[in-house]
Amino acid sequence: MDFSEYTGPSAEWLALEPTLPAVPKDLSVEQLKALLNKGREESAAQDMIDQGLSSLVQMHDHTVIARDGTPLEARTYRPAGVPISERLPVYVHLHGGGFLFGTLASEDATCSRIVASRAKNGTPVVVFNINYRHTPEHRYPTAWNDTEDAFVWLHEHIAEVGGLADQVVVGGISAGAWLTASLALAQLRGDDKRIAACPKIAGQVLMIPCLVQWDHYAPRTEMLKSPDLSSYVQCADAPILPVTRMKLFSALLGVENAKDSAGDRRMGPGNATAEEVKG
């Protein structure tokens, strides 16, 4: 594999970069988390107003009880005027943020845009947004457990959210895509009887997914023409998400004996074999 033709900043990025506010340096993890979550929530709230999304969707809040008894925030978004009695396909949205960033409200605009665009195209859906727990307070595998528990909760309450159990698509961005792939593979493997008993996931949407834990990336580099072509090498100093930030996210997960857990497919769904993903 060689994707070096995509290397280097685009003209569009070079024009945008100088206009972006600088992230303050020397912040603690907690301060960085609070700062970015605040910015994401404010941006989402402004988009809801500027893009007229509030009038296009109806939102309902839910509480998902995780396996350890912790209540988790969840929210559904439906097209305005479509009653709960009208069953719709469901899109499960898992936000990105390196397992560190993201809140329930930070996803309001993204989820609402999905609902609005599908309704406009004549294929309405209900979006289910789960606020899984984050690092540094909650380490691996908390986010994975929360995602699985929310998926099971959704099917147990499918009538309550007005969804179609056999038309559930799961999708995510970055860390959320990682959780998506892990969930889909977990259902396929049948390791958790609760997940296996749910209707088969109708599809998965993986946006800029990270699918392999840092210590288990080696098998991927063997497929490259040269190790130097790895995105971890070529994009080491990339804006927004440099390798130092990636390593921070990985470290905060606090995986015990990470180098010895290469066969853990929850942590590394991207290393699943062809046989493991058959079907």
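Asp149 is buried, with a relative accessible area of 4%. I start there, and I should say at once that this is a predicted model. The residue belongs to helix 4. A polar atom of its side chain lies 2.8 Å from the backbone nitrogen of Arg67. If we set aside neighbours within four places in sequence, the contacts of Asp149 are Val64, Ala66, Arg67 and Arg194. So Arg67 turns up twice for this aspartate, once in the contact list and once through its backbone nitrogen, while the aspartate itself is buried at 4%.

Now the helix that carries it. Helix 4 runs over residues 142-156, which makes 15 residues. From its first C-alpha to its last it reaches 21 Å, close to the 21 Å expected at 1.5 Å a residue. How many of its residues are buried? The count is 14 of the 15, so helix 4 is largely enclosed by the rest of the structure.

Next, the loop that leads into that helix, between strand 4 and helix 4. Strand 4 covers 126-130. Pro136 lies in this loop, and the peptide bond joining Thr135 and Pro136 is cis, with omega about 0°. Pro141 is in the loop between strand 4 and helix 4 too. A cis peptide bond joins Tyr140 and Pro141, and here omega is about 10°. For background, most peptide bonds are trans.

On to helix 5, residues 175-189, where Ser182 lies. Is Ser182 buried or exposed? Ser182 is buried, because its relative accessible area is 3% and the cut-off for buried is under 20%. A polar atom of the Ser182 side chain is 2.7 Å from the backbone oxygen of Arg266. Beyond its neighbours within four places in sequence, Ser182 is in contact with Trp144, Arg265, Arg266 and Pro269.

Two residues have a backbone angle to look at. Ser174 has a phi of about 55°, which is positive, although this residue is not a glycine. Ser174 sits in the loop between strand 5 (163-173) and helix 5. With a relative accessible area of 19%, Ser174 counts as buried. Ile208 also has a positive phi, near 35°, and is a residue other than glycine. Its place is in the loop between strand 6 (203-207) and helix 7 (218-221). Ile208 is exposed, at 66% relative accessible area. As a rule, most residues other than glycine have a negative phi.

Then strand 2, residues 71-79, which includes Leu72. Leu72 counts as buried at 3% relative accessibility. Leaving out neighbours within four places in sequence, its contacts are His62, Thr63, Val64, Ala66, Ile130, Asn131, Arg133 and Asp146. Val64 and Ala66 were on the Asp149 list as well. How far apart in space are Leu72 and Asn271? They are 30 Å apart, C-alpha to C-alpha, with their places 199 residues apart in sequence.

Last, the surface. Met1, Phe3, Tyr6 and Met223 form a nonpolar patch there, and together they have about 470 Å² of accessible area. Phe3 is in the segment before helix 1 (11-16). This phenylalanine is partly exposed, at a relative accessible area of 48%.

Methods:
Residues are numbered from 1 along each chain as its sequence is written. This is a predicted model: local features need pLDDT of at least 70, side-chain atom pairs count only at pLDDT 80 or more; totals for chains, interfaces and linings use all residues. Side-chain values use heavy atoms; hydrogens and water are left out. Patches are made of residues with over 30% relative accessible area and no salt bridge: like charges are joined within 9 Å, nonpolar side chains (Val, Leu, Ile, Met, Phe, Trp, Tyr) within 5 Å. Accessible areas come from the Shrake-Rupley method with a 1.4 Å probe; for residues, only the protein chains shown count as cover. A salt bridge is a side-chain nitrogen of Lys or Arg within 4 Å of a carboxyl oxygen of Asp or Glu. Helices (H or I, at least four residues) and strands (E, at least two) are DSSP runs, numbered from the N terminus. Buried means under 20% relative accessible area, exposed over 50%, partly exposed in between (1.4 Å probe, protein chains only). The expected span of a helix is 1.5 Å times one less than its number of residues. A polar contact is a pair of N or O atoms within 3.5 Å; within protein, one must be able to donate a hydrogen and the other to accept it, and residues adjacent in sequence count only if both atoms are side-chain atoms. Contact means heavy atoms within 4.5 Å.
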